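This briefing is meant for someone meeting the structure for the first time. Please look over the sequence and the model below before reading the notes that follow.

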Amino acid sequence: MPMREHHPHLQVRALSKRFGRTPVLEGVDLDVEAGEIFLLAGWNGSGKTTLLRCIADLTRFEGEVLLDGTRFGRDMRSRKALGYLPQVPGLPPWATPAELLDLFGRLRDTSTLPPELPERFLPPLGEPVGTLSGGQRQRLAIALTLLGSPTVLLLDEPAANLDEPGRAGLARILGKARARGAAIVVAAPSPGDLAGVPSTTGHLVDGRLRLDGPPGAAPAVGDATLAHLAIREVAG
Amino acid sequence: MTALRQATALAAFELRGVTRSHWIAVGGVVFAAAAVAVAIAGLRSFSSLGLAGAGAVTDGLVHLALLLPPLIGLLLGAGSLARDRERGLLAMLASQPLSRGLIPLAAFAGCVLAVWAVVAVGLGVGLLLASAVATAADVAASGLVLAISLGATAAAVSLGVLLSATASTHHQATAAAAALWLLLALGLDLLLAGVAPGLRLGPVGLLAAVLINPLEAARVLALVALDGATSLGPFGAYLNATFGRSGTVWLLVGTLASWTIMPLGIAGVVTLQRDA
């Protein structure tokens, strides 16, 4: 009996992107298995956000992105599988978290909150976004990204603006999403910024992805204590 | 069905956003106040001449309804997608399981419903004042004014959404919308008045000038529908002779519909092609 060919849940093949004549990404290859967290590190301007936007098919690029071996794009199957958190999720200031959860829930055809969310993670549901702090808005944006239990999570600096409990909550979320088999790519300027455990790390340098790059090529590692906290949270 | 549910949810969200902005409230109050002023002025001028009916009121309201609501519609439409793109919300929406072409459609629906409410309230107040002296014909004319204004407003919102889909920033889209309104409401008329005699455009040229301007098409439609184009002089006679009254009405209704559907379709294509 022939063996079924194994495909990583998310595959990026020879992805290149230019802004005008300036190359930003050159021949990026990346495999992320189901249940794997990939930390995409790199200096400011190294192309982390652009790579996530390319994978999410929000901008044109050369190369291909595959989901379980078939093209990952704008079709409904791909979009249902995708959870994308932009670097600046500018939620409208007049809307309340309840209204945004309702809207995105309707778009994803779900009426239940993401099961990964820890208790008290969400901000007050009836307050307009304009009155929330940056960290509260980020928590809300993370919750919106998780609606419908997507199996590919592209999170652009998810720990931005989060306080320590927020980062611990994010670590729990990443752990639970990994446990249910999601392939997760987290972009962060430094590994220490991630309140989660990257099982694989890559650094974007000069438009190329270096897996487990040498420390000298990587941005400075941030708060080690926080990283350890995250490891404990996910391991637990 | 899923697409319809998604479009409805997005449009309702957009409508909620528009109605919560001070913008639409200010526009609504200004339009209602202007409609009342036009209605009172029209009633006084009629009664001073010893005439019956509300014809002067509806005539005045036609011009008002084809100036202010289209401006509000253009500006609202122009602010929709461009602002969402700047905020990053468009990227979040574009990553959802929905056709990206639905996003401008929903923005259009939300904005147009909000401006239609402004038009209905503003004109309603004006026409209510006129109803004291209105005849049955005036009531029918009022209904026509309202319908034509809603059509012109829909075309304006659609053009605004197209500007929003193509502009780099919402400031750019808003500036372009204001400039477009000036061009459509005044500029093309002034240009035509200046060059038409010298160019000897003739009725076909004038008709082309009407068809390329949705606000002019709405104005001519109102005149044809209300008085059979007699106030349009030789051009009205040409329209009646060439298309007949109902043919002219359908031509102009089709023009307004095209000015609503085409920009929205192009906005959909641009949104599909462009980075979110």
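On the surface of this predicted model, Leu191(B), Val195(B), Leu199(B) and Leu201(B) form a nonpolar patch with about 340 Å² of accessible area together. A patch is made of residues with over 30% relative accessible area and no salt bridge, where like charges are joined within 9 Å and nonpolar side chains (Val, Leu, Ile, Met, Phe, Trp, Tyr) within 5 Å, and accessible areas come from the Shrake-Rupley method with a 1.4 Å probe, only the protein chains shown counting as cover for residues. Within this patch, Val195(B) has its place in helix 8 (residues 170–199) of chain B, and with a relative accessible area of 34% Val195(B) is partly exposed, a class that lies between buried (under 20% relative accessible area) and exposed (over 50%), again with a 1.4 Å probe and protein chains only.

**Conventions**

- Residues are numbered from 1 along each chain as its sequence is written, while chains are lettered from A and ligands numbered from 1 in the order in which they are written.
- Because the model is predicted, local features need pLDDT of at least 70 and side-chain atom pairs count only at pLDDT 80 or more, whereas totals for chains, interfaces and linings use all residues; side-chain values use heavy atoms, with hydrogens and water left out.

**Chain A as a whole**

- Chain A has six helices and 10 strands, where helices (H or I, at least four residues) and strands (E, at least two) are DSSP runs numbered from the N terminus.
- Of the 236 residues of chain A, 55% count as buried, and chain A exposes about 10,400 Å², of which carbon and sulfur atoms supply 52%.
- Among contacts (heavy atoms within 4.5 Å) in chain A between residues at least 6 apart in sequence, 72% join residues at least 24 apart.

**The six-stranded sheet of chain A**

- An open sheet of six strands in chain A has the order 6-7-8-3-9-10, with mixed pairing, two strands being counted as paired if DSSP finds at least two bridges between them.
- Strand 6 (82–85) and strand 10 (208–211) of chain A stand at the edges with a single partner strand each, so one side of each is left without a neighbour in the sheet.
- Neighbouring strands of this sheet are turned by 20° against each other on average, direction ignored.
- Strand 3 (residues 37–42) and strand 8 (residues 183–188) of chain A run parallel and are joined by five bridges; Leu39(A) has Val186(A) in strand 8 as its bridge partner.
- Helix 4 (residues 134–146) of chain A lies across strand 6 and strand 7 (152–156) of chain A, running at about 165° to strand 6, where axes are lines fitted to C-alpha atoms, for helices over the stretch in contact, and angles run from 0 to 180 degrees between N-to-C directions.

**Strand 1 of chain A and its surroundings**

- Strand 1 (residues 10–19) of chain A runs antiparallel to strand 2 (residues 22–32) of chain A, with seven bridges between them, and the two form a hairpin with two residues between them, in whose turn Gly20(A) has a positive phi of about 70°.
- Strand 1 of chain A is also joined by five bridges to strand 4 (residues 62–67) of chain A, which runs antiparallel to strand 1.
- Leu10(A) stands opposite Val32(A) in strand 2 of chain A and opposite Leu67(A) in strand 4 of chain A.
- His7(A), in the segment before strand 1 of chain A, is partly exposed at 29% relative accessibility.
- Leaving aside neighbours within four places in sequence, His7(A) is in contact with Glu33(A), Asp68(A) and Gly69(A); the C-alpha atoms of His7(A) and Gly69(A), 62 residues apart along the chain, are separated by 5.6 Å.

**Salt bridges**

- Counting a side-chain nitrogen of Lys or Arg within 4 Å of a carboxyl oxygen of Asp or Glu as a salt bridge, the total comes to 13 over all chains.
- Arg16(B) forms a salt bridge with Glu99(A), the closest N and O atoms being 3.8 Å apart; Arg16(B) lies in helix 1 (residues 2–20) of chain B and Glu99(A) in helix 3 (residues 97–107) of chain A, so the pair joins two chains.
- Glu99(A) counts as buried at 15% relative accessibility, whereas Arg16(B) counts as partly exposed at 30%.
- Within chain B, Arg87(B) forms a salt bridge with Asp84(B), and these residues, three apart in helix 4 (residues 68–87) of chain B, are separated by about one helical turn.
- Asp57(A), Arg71(A) and Arg74(A) are linked in a network of salt bridges.
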